[in-house]
Amino acid sequence: MIQFSSLNIIDPILKSLEEEGYTTPTPIQAQAIPIVLKGTDLLGCAQTGTGKTAAFAIPILQQLAKNKSFAGKRKARALIITPTRELAIQINDSFKAYGRHTGLKSTVIFGGVNQNPQTRSLRAGVDIIVATPGRLLDLMNQGHVNLRDVGFFVLDEADRMLDMGFIHDVNKLLDALPRNRQSLFFSATMPPEIVKLSNTILDNPMKVSVTPVSSTVDIIKQSVYFVDKPKKNALLVEVLKNPEIKTALVFSRTKHGADKIVRHLHKNNIKAEAIHGNKGQNARQRALKNFKAQTTRILVATDIAARGIDVDNLSYVINYDTSNIAETYVHRIGRTGRAGAKGTAISFCNAEEKEFLKDIEKLIKKSISVVENHPFPLMDHNPIKTTQQQGNRNQSRRGPRAQENKNRNQNNWNKNKKKKKWYGKPSTSR
Ligand code: AMP
């Protein structure tokens, strides 16, 4: 097995990797580090959770450290652009951790907060800037940053960057970068528009690709509960009775939904906080910190806010809403089971979401175990709600057959409850 020491990494960085507890490089690190150290451009197809941050941070730190000059004010020689504030903060933390014995300085720039602390650190001089595109452009326009000395450029999560509408900002940043630079480009997916964008940035790149989307999820234990939408809150509280769930990241499709879930959990004395775009940056960071410290048990997040959240030892992800985009499901559950750790992903699926579940199973090329015996089984099997069907549905729900089903399910649940714990024991049948 390849060791970090066989990758020609300098001692100050090896020392910090040891302090981080990293013993062996992940596949993306083993492939990318030698390429980047050689000075070649890189096109990386990898998602968060594969160790891609260290795959670019380590060789960039090493090259900066080797050509370090402390004469005069430090100039920004490396720029990392990433779509979300949370990711930017995490990447900066990684640069600080891996570079702590190199004497290099990094800073993070993102919007939604007062710009003064950011401009102060820029004025003091930094070697590395990690930024979201909007605020960086803003500070450039105000004359607080120039990118003239950037020799290393990383575009991280390029697909998400495009999804979030940052393409114009990225193009403006590219115009401000020197032509003579080394560029690294990372994306979880490589649709044609991403390949096109990469061609405008990279010069004769080497390509590395790790763990195609479908195989990263293999180590994660996945199950699905079929449940009616109005019963999801009650089911969530039931599921959280499992004492093995010390903390869980719960995904909600909407910001409003996330707040509602938090309110319901509070009513049931479960400590929860929401993290989404309507929350101020400080509130988001506080929620994340409380969650990491396990003082908050449940973090409810929307997809964009959760993108890239890196919580060590997160073992449970709960999809309160089944995602309508199969790749999003993979990103969501990828928050757990990181760097080889164990992970469990639980999804709640109502009748309308069954179609989404099919797409997900097609993408991950396996069927997800169904938890059959739980107290809130799906009663309403009508996925499409025309007015006519809505009427029928209400009728049938009130009818004797529905009541029979309900009684039978409740009896089964009571029997099973006496026999064994039902949570976390998915059956394999459908
Ligand atoms: P990333 O894909 O960069 O977000 O990294 C995912 C997680 O893996 C982070 O918590 C890293 O700290 C961790 N990690 C990265 N590289 C290694 C490694 N070589 N050994 C152990 N953990 C690692």
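In this predicted model, the buried residues of helix H9 pack against strand S1 (42-45), strand S5 (152-155), helix H7 (158-163), helix H8 (167-176) and strand S6 (182-187). Helix H9 itself spans residues 192-201, and its buried residues are Ile194, Leu197, Ser198 and Ile201. When the helix is viewed down its axis, these buried residues fall within an arc of 100 degrees, so they line one face of H9. This pattern can be read alongside a general property of helices: an α-helix has 3.6 residues a turn, so residues three or four places apart point the same way. On the other side of H9, the exposed residues are Pro192, Lys196, Asn199 and Thr200.

A second part of the structure to examine is the surroundings of the ligand. There are 16 residues around the ligand, and those that come nearest are Tyr22, Gln29, Gly49, Gly51 and Thr53. The shell as a whole divides into four nonpolar, eight polar and four charged residues. The table lists polar contacts in which an oxygen atom of the ligand is paired with an N or O atom of the residue named.

| Residue | Part of the residue | Distance to a ligand oxygen atom |
|---|---|---|
| Tyr22 | side chain | 2.5 Å |
| Gly51 | backbone | 2.7 Å |
| Thr53 | side chain | 2.6 Å |

Beyond these individual contacts, one may ask how much of the ligand's accessible area the protein covers. On its own the ligand has 490 Å² of accessible area, and the protein covers 85% of it.

Conventions: Residues are numbered from 1 along each chain as its sequence is written. This is a predicted model: local features need pLDDT of at least 70, side-chain atom pairs count only at pLDDT 80 or more; totals for chains, interfaces and linings use all residues. Side-chain values use heavy atoms; hydrogens and water are left out. Buried means under 20% relative accessible area, exposed over 50%, partly exposed in between (1.4 Å probe, protein chains only). Helices (H or I, at least four residues) and strands (E, at least two) are DSSP runs, numbered from the N terminus. The arc is that of the directions from the helix axis to the C-beta atoms. Contact means heavy atoms within 4.5 Å. A residue is near a molecule or strand if one of its heavy atoms lies within 4 Å of it. A polar contact is a pair of N or O atoms within 3.5 Å; within protein, one must be able to donate a hydrogen and the other to accept it, and residues adjacent in sequence count only if both atoms are side-chain atoms. Accessible areas come from the Shrake-Rupley method with a 1.4 Å probe; for residues, only the protein chains shown count as cover. Ala, Val, Leu, Ile, Met, Phe, Trp, Tyr, Cys and Pro count as nonpolar, Asp, Glu, Lys and Arg as charged, and the others, Gly among them, as polar.
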